[in-house]
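Please load the model in your viewer and keep the sequence panel open beside it. The stops below are meant to be selected one after another.

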Amino acid sequence: MVTVSLTADSRAWGDATLSCSTSTSSESAEQANRSGWKKSTSAPRSRPSQRSALSHESTVSSSDTEVVRNHKKSARLSSEPHALQLGLTAEQVEPWQRFPYLNYGYRRGGTYLQCLLSLFSLHNETVNAWTTLLSVVMGVVLFFDTVSSLRCSWIDFSPFLLAWAGQTLHGPLSVGYHLFMCKSPVVANRWRKLDLSFILVLNTCATYALSYFTFGLWFTLVWTSLVASAAALGIRNIAALQPKQQLDRRRILGMIGLTCLGYYIPLTLRGLAALALQRKVWPELGIALVVLGCHFTGGLVYATHWPQRHFLGVFDLGGFSHNLMHIFCFTAYNCAYPYLSYLYSQRGEWEAATSGALAWASWGDAASGAAAR
Ligand SMILES: [Zn+2]
């Protein structure tokens with residue numbers, strides 16, 4: 001009886017060890033640790049029939065211990081990270097790691113520290129990581145430069161703070177995604193989900209920031225709540241992404257674009273209103289066109305894999321669509337600080353212009369009502 005149960009358990013361990021040794025990623029090791037391995041190691045100890053079989057106890061116990069020790073050793077070895085490999089071609093990495101039309105410059109494996117230090121070597125994520133990092137640094141400089149000259153209430157300061165908070169929360173997660181994605185499918189998926197989710201958080205923060213001086217506090221809060229609800233739905237979809245799952249680029253762009261409407265709408269309305277009421281094109285309408293133009297161009301190159309699809313091998317290490325998308329989008333985002341500063345300085349004129357327009361509209365209504373009577 002003891003012999004039979006031991007054989008069955010040994011087979012279970014054998015299977016677990018096989019799945020471990022054949023797996024090439026820490027994802028498989030993690031999954032095996034969580035499911036098969038733990039069950040297998042705890043099962044023999046919980047069986048009372050084994051404890052009561054005194055004649056075989058010492059043999060079973062020593063075999064048991066040895067198998068457990070071997071199993072733990074193999075689990076430890078398989079979960080140990082491989083050294084970071086650089087300069088790989090698309091054929092040398094797994095399909096989930098490849099990007100369309102990029103053939104060279106891939107990395108594979110490594111510890112978190114090695115992946116982090118790869119920021120200082122050239123591969124096909126170096127430019128992505130640096131553009132994000134530099135954008136965050138530029139955001140910090142612009143934020144502190146802008147707010148250092150402000151003398152305003154906390155509530156008028158809130159749009160500046162939220163614009164900066166959105167960027168500062170998202171930046172490190174984007175850098176983390178680009179640097180750690182080579183580590184394993186599970187790690188890549190975890191950071192991808194963080195990166196995408198915090199783009200939606202950033203868009204919600206930007207909605208509040210860029211609506212406040214145009215819509216006023218209460219309408220801004222309502223509008224931001226709507227955008228936050230759309231972002232929450234998007235984050236729920238992102239949370240369902242699985243390791244090795246290819247991104248549906250158009251769906252992702254649609255989800256991000258929908259939350260971008262949160263600040264495109266106040267930006268554009270402010271630009272058009274400034275043109276109609278104050279006969280001004282710059283900066284209101286001009287900045288709106290710059291932001292819309294940057295996002296449209298960034299989204300287009302990202303979705304169409306331009307330029308690398310037309311120049312195979314030329315842009316493998318830099319200048320490909322994801323790099324360009326970063327540059328366009330981050331440039332547009334950093335326009336927010338001088339733009340908000342300008343809107344703050346113009347709040348008196350904006351109030352006068354909008355109240356004048358409202359008075360004119362109500363006078364027009366009254367005049368047409370009187371003519372009708
Ligand atoms: Zn990116």
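The tour begins with confidence, then moves through the helices, the annotated sites and a few backbone details.

This is a predicted model, in which local features need pLDDT of at least 70 and side-chain atom pairs count only at pLDDT 80 or more, while totals for chains, interfaces and linings use all residues. Residues are numbered from 1 along each chain as its sequence is written.

**Confidence**

Colour the chain by pLDDT, the predictor's confidence in each residue, from 0 to 100. The mean pLDDT of the protein is 82, and 75% of its residues reach 70 or more. Select residues 1-61, where the pLDDT is below 50 and where the model has 62 contacts beyond near neighbours in sequence, a contact being two residues whose C-beta atoms, placed from the backbone, lie within 7 Å. Residues 74-80 also have pLDDT below 50, and this stretch has 12 contacts beyond near neighbours in sequence.

**Helices α6, α7 and α8**

Helices here are DSSP runs (H or I, at least four residues), as strands are (E, at least two), numbered from the N terminus. Axes are lines fitted to C-alpha atoms, for helices over the stretch in contact, and angles run from 0 to 180 degrees between N-to-C directions. Angles under 35 degrees count as roughly parallel, over 145 as roughly antiparallel, 65 to 115 as roughly perpendicular and the rest as oblique.

Select α7 (residues 154-180) together with α8 (residues 185-215): their axes come within 8 Å and cross at roughly 165°, which means that α7 is roughly antiparallel to α8. The crossing of α7 past α8 is left-handed, a term used if the near helix is turned anticlockwise from the far one by less than a right angle, with clockwise giving right-handed. The residues of this α7 and α8 contact comprise 21 nonpolar, six polar and two charged, where Ala, Val, Leu, Ile, Met, Phe, Trp, Tyr, Cys and Pro count as nonpolar, Asp, Glu, Lys and Arg as charged, and the others, Gly among them, as polar.

Now add α6 (residues 126-148), whose axis comes within 9 Å of that of α7 and crosses it at roughly 165°, so that α6 is roughly antiparallel to α7. The crossing of α6 past α7 is left-handed. Residues to show in this contact include Asn128, Thr132 and Ser135 in α6, and Gln167, Ser174 and His178 in α7. By class, the contact of α6 with α7 has nine nonpolar, 10 polar and no charged residues.

**Helix α12 and the annotated histidines**

Which way does α12 run relative to α6, parallel or antiparallel? The two helices pack at an angle of about 5°, with axes 9 Å apart, and α6 and α12 are therefore roughly parallel to each other. Among the residues that meet are Asn128, Thr132 and Ser135 in α6, and His322, Asn323 and His326 in α12. The contact of α6 with α12 divides into five nonpolar, nine polar and no charged residues.

Keep α12 in view and select His178, His322 and His326, which UniProt lists under "binding site" in an unreviewed entry; such annotations may be inferred rather than shown by experiment, and their positions are given in the numbering used here, with feature names shortened. These histidines span 149 residues in sequence, yet no two of their C-alpha atoms are more than 11.9 Å apart, so they gather at one spot.

**Annotated transmembrane regions**

The same UniProt record gives "transmembrane region" for residues 127-144, 194-215, 252-273 and 285-303. Residues 127-144 are 100% helix and 0% strand, with end C-alpha atoms 26 Å apart. Residues 252-273 are also 100% helix and 0% strand, and their end C-alpha atoms lie 31 Å apart.

**Backbone details**

Most residues other than glycine have a negative phi, and most peptide bonds are trans. Select the bond from tryptophan 282 to proline 283, which is cis with omega near 5°; proline 283 is in the loop between α10 (249-278) and α11 (284-304). Finish at lysine 244, which has a positive phi of about 75° although it is not a glycine.
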